[in-house]
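User: Please take a close look at one pocket of this model, its lining and its volume. Then go through whatever else can be said about single residues, helices and cavities.

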Amino acid sequence: MIDRIKALLQEVEDMKAANAEELEALRIKYLSKKGEVSLLFNDFRNVAADQKREVGQFLNVLKETTQQKINDLKEAFENIQTTNNDIDLTRTAYPVQLGTRHPLSIVKKEICDIFGRLGFSIAEGPEIEDDWHVFSSLNFAEDHPARDMQDTFFIQHNPDVLLRTHTSSVQTRVMENQEPPIRIICPGRVYRNEAISYRAHCFFHQVEALYVDKNVSFADLKQALLFFAKEMFGPDTKIRLRPSYFPFTEPSAEMDISCNLCGGKGCPFCKHTGWVEILGCGMVDPNVLENCGIDSSVYSGYALGMGIERITNLKYQVKDLRMFSENDVRFLKQFESAN
């Protein structure tokens with residue numbers, strides 16, 4: 001057996017490989033479970049007891065030599081690759097195709113920049129929330145339809161844990177932990193159990209704003225909304241406020257802007273009304289302030305919220321909401337100039 005080991009040792013010392021594929025084949029030949037070295041170790045149990053010591057030493061030398069030879073050849077290949085001087089560094093770089101920001105990211109940044117010029121800072125919170133921050137603290141009744149399973153993705157009950165249905169939960173967290181004045185915007189992803197279509201999805205993105213301070217009035221809200229509309233959609237944009245209802249604001253309103261396609265004259269896009277709804281708003285209900293530990297006899301505030309997809313649809317005339325989440329490169333490339 002010693003003669004077989006010596007012959008195999010000579011083979012290993014003379015071993016050469018022209019490329020990585022040949023080296024891998026040699027490794028398998030000698031060091032795999034059914035390789036030459038492994039077979040010798042399997043036959044070792046048949047060696048006479050008085051020869052085991054000597055044969056074992058030869059076997060160990062063979063195994064170590066084979067492994068070292070494989071490592072040396074592998075290192076030699078790696079050195080050749082790293083010291084390759086065939087690359088001409090003076091050549092023009094290969095064309096690298098640049099990507100583009102997602103249209104929702106473009107519009108979200110623009111919204112945040114506009115409110116940033118009004119002194120609002122960005123606040124963020126968890127997407128997995130509890131009932132208190134999403135519903136109870138915001139004045140939702142116990143039997144409000146939004147709490148139903150068909151509208152909200154509940155993760156567990158008792159206590160209720162759910163995917164937030166709006167970023168108003170961020171507002172309540174800030175009001176619980178920060179003394180007024182508070183001036184924040186809350187961008188983020190929200191979830192609702194809706195059938196997916198060209199105008200609705202089970203997840204979408206919102207930006208909500210909150211301003212709480214002494215002597216905040218509806219006039220302050222209206223001026224902020226007018227400034228936002230003109231900055232986002234153009235200086236000729238007009239707004240109108242229609243009475244509405246939200247559990248967390250009183251009084252509440254829906255805001256429309258004049259259609260930027262027909263200039264308010266009426267077209268199919270605005271359903272021939274000349275107006276397009278873009279957001280909801282109102283004065284923060286005193287109960288909400290009290291729930292968050294803010295004295296409603298001293299402080300007041302306003303809140304507003306909008307869907308980023310809605311604003312993007314209006315700004316870029318995207319007619320199918322699903323296109324924002326399909327990752328179609330042909331669609332996304334259209335927004336290169338908007339970066």
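The answer below starts with the pocket and moves outwards from there.

Analyst: This is a predicted model, in which local features need pLDDT of at least 70 and side-chain atom pairs count only at pLDDT 80 or more, while totals for chains, interfaces and linings use all residues. Residues are numbered from 1 along each chain as its sequence is written, and side-chain values use heavy atoms, with hydrogens and water left out.

The second largest pocket has a volume of about 310 Å³. On a 1 Å grid over the protein atoms alone, a pocket is an open set of points with protein on both sides within 12 Å along at least five of seven lines, a cavity is a set where a 1.4 Å probe fits but cannot get out, and lining residues have an atom within 4 Å of a point. Grid points are joined across faces, edges and corners, and a volume is the space filled by probe spheres set on the points.

This pocket is lined by 21 residues, with Leu-104, Lys-108, Gly-188, Arg-189 and His-205 nearest its centre. Two or more lining residues come from each of helix H5 (103–116), strand E5 (182–191), strand E6 (203–213) and helix H10 (308–316); helices (H or I, at least four residues) and strands (E, at least two) are DSSP runs, numbered from the N terminus. H5 gives the most, with four residues. By class the lining holds nine nonpolar, seven polar and five charged residues, where Ala, Val, Leu, Ile, Met, Phe, Trp, Tyr, Cys and Pro count as nonpolar, Asp, Glu, Lys and Arg as charged, and the others, Gly among them, as polar.

Arg-189 leads on to Phe-203, a residue of strand E6. The two are 14 residues apart in sequence and 6.9 Å apart in space, C-alpha to C-alpha. Phe-203 touches Arg-189, Val-190, Tyr-191 and Ser-325, not counting residues up to four places away in sequence; contact means heavy atoms within 4.5 Å. Phe-203 counts as partly exposed because its relative accessibility is 23% (buried is under 20%, exposed over 50%, partly exposed in between, with a 1.4 Å probe and protein chains only).

Val-190 and Tyr-191 are also among the contacts of Thr-165, along with Val-134, Phe-135, Thr-152 and Arg-192, leaving aside neighbours within four places in sequence. Thr-165 sits in the loop between strand E4 (161–163) and helix H7 (168–177). Its relative accessibility is 6%, so Thr-165 counts as buried.

As for closed space, there is one cavity of 30 Å³ or more. The largest cavity has a volume of about 30 Å³ and is lined by Phe-233, Ile-257, Cys-259, Asn-260, Phe-269, Val-276 and Leu-314. That lining divides into six nonpolar residues, one polar and no charged.

Two helices add to the picture. In helix H2 (residues 20–31) lies Leu-23, which is buried because its relative accessible area is 8%. Leu-23 and Lys-74 are 51 residues apart in sequence but 7.5 Å apart in space, C-alpha to C-alpha. Outside its neighbours within four places in sequence, Leu-23 is in contact with Ala-17, Ile-70, Leu-73, Lys-74 and Phe-77. In helix H3 (residues 36–43), the buried residues are Val-37, Ser-38 and Leu-40. Seen down the axis of H3, these fall within an arc of 160°, so they line one face of the helix; the arc is that of the directions from the helix axis to the C-beta atoms.
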